[in-house]
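Let's take a stroll through a structure together. Have the sequence and the 3D view ready, and follow along as we go.

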Amino acid sequence: MTEPDVLSNLGISTPASLEQQLDRFALDVGELYGRQKERAEQLEQNLVQMRTTFLETVRSMAYVVEAKDAYTGQHLERCRVYGNTLMQALGVAGDYPDAEYGFLLHDVGKVGVPERILNKPGPLTAAEWRVMRTHPIIGYQILQGIPFMTTAASIVRCHHEMWDGAGYPEGLSGEQIPLPARVFQVVDAFDAMTTDRPYRASLGVERAAEEIQRMAGTQFDPEVCRIFGDLVDTLPQRL
Amino acid sequence: MTDRQGGAKRVVLVVDDDSAIRRVVRTVLEADNFDVVEAADGPAALLLLDAINGRGPEAVVLDIMMPGIDGIEVCRRIDHDRVKVVMLSARDDADTRDRAAKAGADAYLTKPFSAIELLDAVEKLTP
């Protein structure tokens with residue numbers, strides 16, 4: 001009897017058979033790695049697709065709310081792009097992944113404001129203003145139940161607050177106002193000032209940028225304004 | 001790679017006179033959340049099957065060339081309605097495969113064996 005035969009009759013693997021088994025398992029590892037990688041790539045693709053679909057859905061929701069206002073055509077998209085750029089410059093984009101949904105949906109609460117108030121040609125009465133000023137809370141209530149929209153909901157709720165506490169609905173001030181909402185206030189105001197409106201022409205980027213700096217510390221977070229001042233020239237003007 | 005929902009772990013009996021093979025088969029199966037019991041020869045396997053009758057195992061991974069009662073004979077004595085059999089043998093000839101099939105084996109793998117093929121076979125037989 002050869003040595004391998006003796007070993008195998010004793011129920012013990014030969015070194016050669018163990019080595020073959022090891023080679024086979026090594027192939028398995030390669031195969032599994034390949035499958036896993038392919039799966040991960042597939043999942044990554046699906047994720048990108050889902051994110052796109054979700055963003056488009058949110059965008060549609062936002063457009064429905066503002067469909068009657070010609071100005072808002074690209075305003076929402078510019079707010080989103082400017083807002084994302086500013087969040088990145090502040091180094092906090094990764095902390096608030098759903099901020100862009102809030103930039104798009106900031107006025108979603110206007111669905112709860114009667115049209116005769118929204119589109120009233122003349123100045124609003126005090127009572128009408130009270131109704132108008134409920135839209136951040138209405139918007140917040142619409143979004144608050146969605147788990148991955150907590151930042152978006154906070155932007156919607158606080159987009160009319162001011163750094164000095166003079167805003168609404170709650171009169172929050174300074175860092176009581178969530179950072180993404182402070183970012184939104186700046187880009188929203190900037191876009192409003194750099195867009196032609198029926199009753200006035202655009203201020204131009206330079207003047208608008210000056211206005212933003214002038215309101216730093218009263219209406220806006222001064223630090224957000226400072227960073228915004230650094231990047232304002234790099235923003236795409238027409239989207 | 002799924003645990004059965006809400007139920008207990010599936011049990012697999014590994015029968016091989018080679019302790020190294022039993023060990024690697026156990027490791028592969030346990031990695032996929034199976035419970036593994038071992039037997040080192042045919043008589044021990046049949047005793048175990050009787051002893052745990054009705055409570056599993058759901059599958060047996062069975063070597064063929066063993067001293068005493070060989071794997072083909074063990075396979076023939078198994079209640080195939082209850083227990084699925086995966087043959088795991090160094091023999092790769094048509095005659096042995098044929099005898100295993102006639103004895104009621106549900107799958108036939110050769111040594112050296114692929115961990116992927118083993119798991120695929122056992123998963124498929126114990127849904």
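How many helices and strands does the secondary structure of chain B come to? The count is five helices and five strands. Here, helices (H or I, at least four residues) and strands (E, at least two) are DSSP runs, numbered from the N terminus. Before we go on, some ground rules: this is a predicted model, in which local features need pLDDT of at least 70 and side-chain atom pairs count only at pLDDT 80 or more, while totals for chains, interfaces and linings use all residues. Residues are numbered from 1 along each chain as its sequence is written, and chains are lettered from A and ligands numbered from 1 in the order in which they are written.

**The two chains**

If you walk along the sequence of chain B, you meet the pattern β-α-β-α-β-α-β-α-β-α. Chain A has 11 helices and zero strands, so to speak a plain α-α-α-α-α-α-α-α-α-α-α when read along the sequence. The table puts some values for each chain next to each other. A residue is buried if 20 or more other C-beta atoms lie within 10 Å of its own, exposed if 12 or fewer, and partly exposed in between, with C-beta atoms placed from the backbone. Two residues are in contact if their C-beta atoms, placed from the backbone, lie within 7 Å.

| Chain | Buried residues | Contacts (separation of 6 or more) from residues 24 or more positions apart |
|---|---|---|
| Chain A | 27% of 239 residues | 61% of contacts |
| Chain B | 39% of 127 residues | 63% of contacts |

Where the chains meet, chain A and chain B each bring 12 residues to the contact. On the side of chain A that touches chain B, there are four nonpolar, four polar and four charged residues. For these classes, Ala, Val, Leu, Ile, Met, Phe, Trp, Tyr, Cys and Pro count as nonpolar, Asp, Glu, Lys and Arg as charged, and the others, Gly among them, as polar.

**The cores**

Now look inside. A nonpolar core is a set of buried Ala, Val, Leu, Ile, Met, Phe, Trp, Tyr and Cys residues joined through C-beta atoms within 7 Å. The largest one has 37 residues, and those with the most contacts inside it include Leu105(A), Ala152(A) and Val183(A). Among the elements that give two or more residues to this core are helix H2 (15–66), helix H3 (72–89) and helix H9 (179–193) of chain A. The largest share, seven residues, comes from H9(A). Leaving out residues up to four places away in sequence, Val183(A) touches Gly83(A), Leu86(A), Met87(A) and Val224(A). There is also a second, separate core of 36 residues, which includes Phe34(B), Val83(B), Leu88(B) and Leu118(B).

**Helices with a buried side**

Over in chain B, helix H2 (residues 42–51) has Gly42(B), Ala45(B) and Leu49(B) buried. They cover an arc of only 60° around the axis, which puts them on the same side of H2(B); the arc is that of the directions from the helix axis to the C-beta atoms. Which exposed residues does the face of H2(B) turned away from its buried side carry? They are Leu47(B), Asp50(B) and Ala51(B). The buried residues of H2(B) pack against strand E1 (11–15), strand E2 (35–39) and helix H3 (71–77) of chain B.

Chain A offers another case: in helix H7 (residues 135–143), His135(A), Pro136(A), Gly139(A) and Leu143(A) are buried. Those residues fall within an arc of 100° seen down the axis of H7(A), so they line one face of the helix. Their cover includes H4, helix H6 (126–132) and H8 of chain A.

**Backbone oddities**

Most residues other than glycine have a negative phi, and most peptide bonds are trans. Against that background, a cis peptide bond joins Tyr168(A) and Pro169(A), with omega about 5°. Pro169(A) sits in the loop between H8 and H9 of chain A. Another cis peptide bond joins Lys111(B) and Pro112(B), where omega is about -5°. You'll find Pro112(B) in the loop between strand E5 (107–110) and helix H5 (115–125) of chain B.

Finally, Asn33(B) has a phi near 75°, a positive value in a residue other than glycine. Asn33(B) lies in the loop between helix H1 (19–31) and E2 of chain B, and with 12 C-beta neighbours inside 10 Å it counts as exposed.
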